[in-house]
Amino acid sequence: MSSRTDEVVPVDEGERRAWDAGELPPPSDLGDGLWCIPVAIPEGTLPGTLAYAVLDDDGVHLIDPGWDGTANLTRIAEALAAAGRTLDEVATVVVTHHHPDHLGLAARLRAHSGARIVMSADERRALAAVVDPAATDPEAYRATVEQWGVPHDRRAELLASFTRPSLTGDVQPDVLVADGDVLELGARRLEVVATPGHTGGHVCLADRAARLLFTGDHVLPRIYSGVGIGVQPGDEPLGDLLSSLERLAPFDEYTVLPGHEFRFTGLRARRERIAAHHLRRTAEVAALVEELGDATVWEYARRLTWTAGWHGLDGFWLHSALRQTEMHRELVRSGRAQQWLTRDA
Ligand SMILES: [Zn+2]
C-alpha cells in the first residue's frame, strides 16, 4: 500500500472538522501507547494545540503540553485517566519550541510530578534572548524603526504596537538536546531534527520505526506559521526556514503530527507549498534590487503587494510587513536566496 503524497490528506476527518468549527476534538488513542491530546489556547485566534503523550512502563512522556493553566492540566489528566495513567507518572516533557502554546504548561507539570523538561540548546538560547529585558527595550526598537526608514509621522503607531508584554515565561530545561540526538521515551526512539526558522532553535522529532514525524509549528497542514518569531535581528530566519523545510525530505512518506490543526500525510506537497509561499515574496524583493539597491526597508515594503494593500497596513500589521520585508531583503542580499529562486524558476 502506498500513501498519496501529492496533497495534504487528514488522517482523521473528525480532527479537521473540529478545527474548522473552532473546537477541540476529543483525545485519541493512536495505538502503541501514543495519544493525541488536544489542549486549549485561551488567547488569540487558534482554538488549541495538539499535545502528544507516549505511555510506557517507565512513565508518561509528553510532547508540547500546551498553554499553561489548570484547565489544560485537567484535560491532560482526564485523557491520561482514560488510558489508566495519572499526571504523577509524567516523567518527560519535550518541547519543539518555546512559544507559550507549546512550552507553557511544562513548568507546572514539572512542579507536579518532577518531570524533566527537554529542549534544544539553540531554543534555550532563543528563549533566553526573548525573556531578556533588552528584547523589549523601546529604545532599541526606536533605533530599528529609524533604520527601516519609517517616516516620522508613522513611527508612533509602531512604537505603540511594540509595548505588548511577552507572554513567554522563562523556563530552565533539565536536558538540552541537539540535532541528531535520540530521545528514548519508553520503547520509542525519537530523533531530534533541528528545524530553525519559526524560532531560532525549533526542532522536529522523528520516530523512524513508526514512521511518524512530530513537526511542532514548523509544518502545519494549512496554516503558514510565522517566521523568525522571537529571533534577534541579524539572524537569517527565512533562509533557515527554507533549509529546514528541505531537511524533512527523508520523512516525506511519514505521518505528520503537527502542533495545530490536524494530523496528515502529504509532507512533501506541504513543504513545497510553504517554501513557494515565502519565495513568492523573496522573488518580488529580488526583482526590485536593481532599481532600489540599498534603499531602506520602508522603500522596499511600499513597493510590494500586500493582502490588505500597503495603505491598509497600520500598527502591528505595519510592523509585521516591515519585518517580513527586512527578512526577504536579507535573504536576497546574503546571496542565499538564489539557490531557491533559480530552482523554482
Ligand atoms: Zn504554536
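**Aromatic rings and a helix start**

Me: How many aromatic pairs does a search of the whole structure find?
Reply: Happy to help; keep in mind that this is a predicted model. Searching the whole structure for aromatic pairs gives a total of 5.

Me: What kind of pair do Phe251 and Tyr254 form?
Reply: Their ring centres lie 5.2 Å apart. The planes meet at 70°, and over 60 degrees counts as edge-to-face. Phe251 and Tyr254 are both buried. With that angle, the pair is therefore edge-to-face.

Me: Trp298 and Trp310 form an aromatic pair too, so how many residues apart in sequence are the parts that the pair ties together?
Reply: This pair is edge-to-face, with 5.0 Å from centre to centre and 70° between the planes. Trp298 belongs to helix α10 (residues 297-301), while Trp310 is in the loop between α10 and α11 (315-333), so the parts tied together are separated in sequence by 12 residues.

Me: Is Trp310 buried or exposed?
Reply: Buried means under 20% relative accessible area. Its partner Trp298 has 7% and is buried. Trp310 has a relative accessible area of 13%, so Trp310 is buried.

Me: Which residue lies over the face of Trp306?
Reply: There are charges over rings here: the charged end of Arg270, for one, sits over the ring of Tyr224, 4.5 Å from the ring centre. Over the face of Trp306, at 3.9 Å from the ring centre, lies Arg281.

Me: Which residue's side-chain oxygen reaches the backbone nitrogen of Glu139?
Reply: Look at the start of helix α6 (residues 138-147), where the two atoms are within 3.0 Å. Just after α6, Gly149 has a positive phi of about 80°. Back at the helix start, the side-chain oxygen belongs to Asp137.

Methods:
Residues are numbered from 1 along each chain as its sequence is written. Side-chain values use heavy atoms; hydrogens and water are left out. A polar contact is a pair of N or O atoms within 3.5 Å; within protein, one must be able to donate a hydrogen and the other to accept it, and residues adjacent in sequence count only if both atoms are side-chain atoms. Helices (H or I, at least four residues) and strands (E, at least two) are DSSP runs, numbered from the N terminus. Rings of Phe, Tyr and Trp (its six-membered ring) pair if their centres lie within 6.5 Å; planes under 30 degrees apart count as stacked, over 60 as edge-to-face and the rest as tilted. Buried means under 20% relative accessible area, exposed over 50%, partly exposed in between (1.4 Å probe, protein chains only). A charge sits over a ring if NZ of Lys or CZ of Arg is within 6 Å of the ring centre and within 35 degrees of the ring normal.
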